[in-house]
Amino acid sequence: MAREEPAPAPDWRTTGDRIDALIAASGSGGAVARERSEELVRLVVDFYGAGLERLLDLVHERGRLDDDVLAALAGDDLVASVLLVHGLHPYGVETRVERALESVRPYLGSHGGDVELIGVTDEGTVRLRLLGSCDGCPSSSVTLKLAVRGAVEAAAPEIISIEVETPAEQESGAPGPLVPVDSLFSRLHTDAGAAPDDGASWELVPELSGLESGAVARVEVGRIPVVACRVGADLFAFEDRCARCERPFEGATLARRLGGGSGDAVLRCAGCRAHYDVRRAGVCLDEDGAHLAPLPLLSDGGEVCVSVPAAVAP
């Protein structure tokens, strides 16, 4: 008698997108049908949220909710996401932000940078200080800010805004914008395609201008294969190579993490099925220490530019 193979584990990271798709499909039945679908989802979520809260209360009352259990709950991607949705995450905003920064510090360190948490205001603003820079890379400030911002937003989606200080801003005493898009694009429009003395080149990539939210595209920028994806209005670009199987992202898909907000997204390799958090500098969710190689990307709402090393720029 043949032995039955165990059923594959469900890919919970795609569940959020599936729920959205079903609600959208219900809209074909009219506004009332859509409202009923949304109410059904809301009631089910509230029902299970109340059950989870009572479960944690019972465990706490019996003295079993110790630090080890709390760490295990917070460390499990699926459980933590569900608890976060219901406001039951065991760690507060400041603790989650600091842990998020720890997760991207290895990447920042590889570029000669670091980040310091100044604090979280009562209004929900996270204040950070960016330290160091990437030697020879003019876009290091942009790269590091985007990596930090993505990690913080994923860990604490309830925050209102993020303020990032850089060493130059600290010296002048004047806060600057997170990404000075206008000034950078004015330079690009006059020097586009030229390899500057600082070791990198910004290249226009028309193929990414019309990329829709949730879509993944593979293009060549200079001579570097690039995989790009759009999450809402935000674009992200990485070198087109999976950190685990080292193959290109052919057939890769973008999905939302279970329990996450609309801004949470993971890129899944079609070959080895590894998952990468695009907002956290491409950190791998399945293997510690693995991450993609992010590429600085700027968009003025129309044209899109990606920065590549001058050594491989055309």
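In the predicted model, the bridge partner of Glu116 in strand β2 is Arg129. This pair belongs to the antiparallel ladder formed by strand β1 (residues 113-120) and strand β2 (residues 125-132), which is built from seven bridges. Within the ladder, Gly119 stands opposite Arg127 of β2. Four residues lie between the two strands of this hairpin, and Gly124 adopts a positive phi there, near 95 degrees.

Strand β2 is also joined to strand β3 (residues 161-165), in this case by five bridges and with the two strands running parallel. One of the pairings across this second ladder places Val126 opposite Ile162, its bridge partner in β3. Strands of a sheet pair through backbone hydrogen bonds, in either a parallel or an antiparallel sense. The resulting arrangement here is an open sheet of three strands in the order β1-β2-β3, with mixed pairing. Strands β1 and β3 form the edges, each of them pairing on one side only, and the twist from one strand to the next averages 25 degrees.

Among the helices, α4 (residues 77-85) has Ala80, Ser81 and Leu83 as its buried residues. These buried residues line one face of α4, because they fall within an arc of 165 degrees when the helix is viewed down its axis. An α-helix has 3.6 residues a turn, so residues three or four places apart point the same way. The cover over the buried residues of α4 includes helix α2 (31-61) and helix α3 (67-75). Just after α4, a positive phi of about 70 degrees is found at Gly87.

Turning to the cysteines, the structure holds zero disulfides, the criterion being a pair of cysteine sulfur atoms within 2.5 Å. For Cys245, the closest cysteine sulfur is that of Cys242, and the separation of 3.7 Å is too far for a bond. Cys245 counts as partly exposed, because its relative accessibility is 21%, whereas burial requires a value under 20%. The sulfur of Cys269 has its closest cysteine sulfur in Cys245, again at 3.7 Å and too far for a bond. Cys269 is itself buried, with a relative accessible area of 2%.

A further cysteine, Cys284, lies in strand β11 (residues 283-284) and counts as buried, at 7% relative accessibility. When its neighbours within four places in sequence are left aside, Cys284 is in contact with Ala274, His275, Tyr276, Ala290 and His291. The C-alpha atoms of Cys284 and Val266 are 9.1 Å apart in space, while the two residues are 18 residues apart in sequence.

At the level of the whole chain, the secondary structure comes to eight helices and 13 strands. Of its 314 residues, 37% count as buried. The accessible surface of the chain comes to about 17,000 Å², and carbon and sulfur atoms contribute 52% of this area. Among contacts in the chain with a separation of 6 or more, 54% are accounted for by residues 24 or more positions apart.

How values were computed. Residues are numbered from 1 along each chain as its sequence is written. This is a predicted model: local features need pLDDT of at least 70, side-chain atom pairs count only at pLDDT 80 or more; totals for chains, interfaces and linings use all residues. Side-chain values use heavy atoms; hydrogens and water are left out. Two strands pair if DSSP finds at least two bridges between them. Axes are lines fitted to C-alpha atoms, for helices over the stretch in contact, and angles run from 0 to 180 degrees between N-to-C directions. Buried means under 20% relative accessible area, exposed over 50%, partly exposed in between (1.4 Å probe, protein chains only). The arc is that of the directions from the helix axis to the C-beta atoms. Contact means heavy atoms within 4.5 Å. Accessible areas come from the Shrake-Rupley method with a 1.4 Å probe; for residues, only the protein chains shown count as cover.
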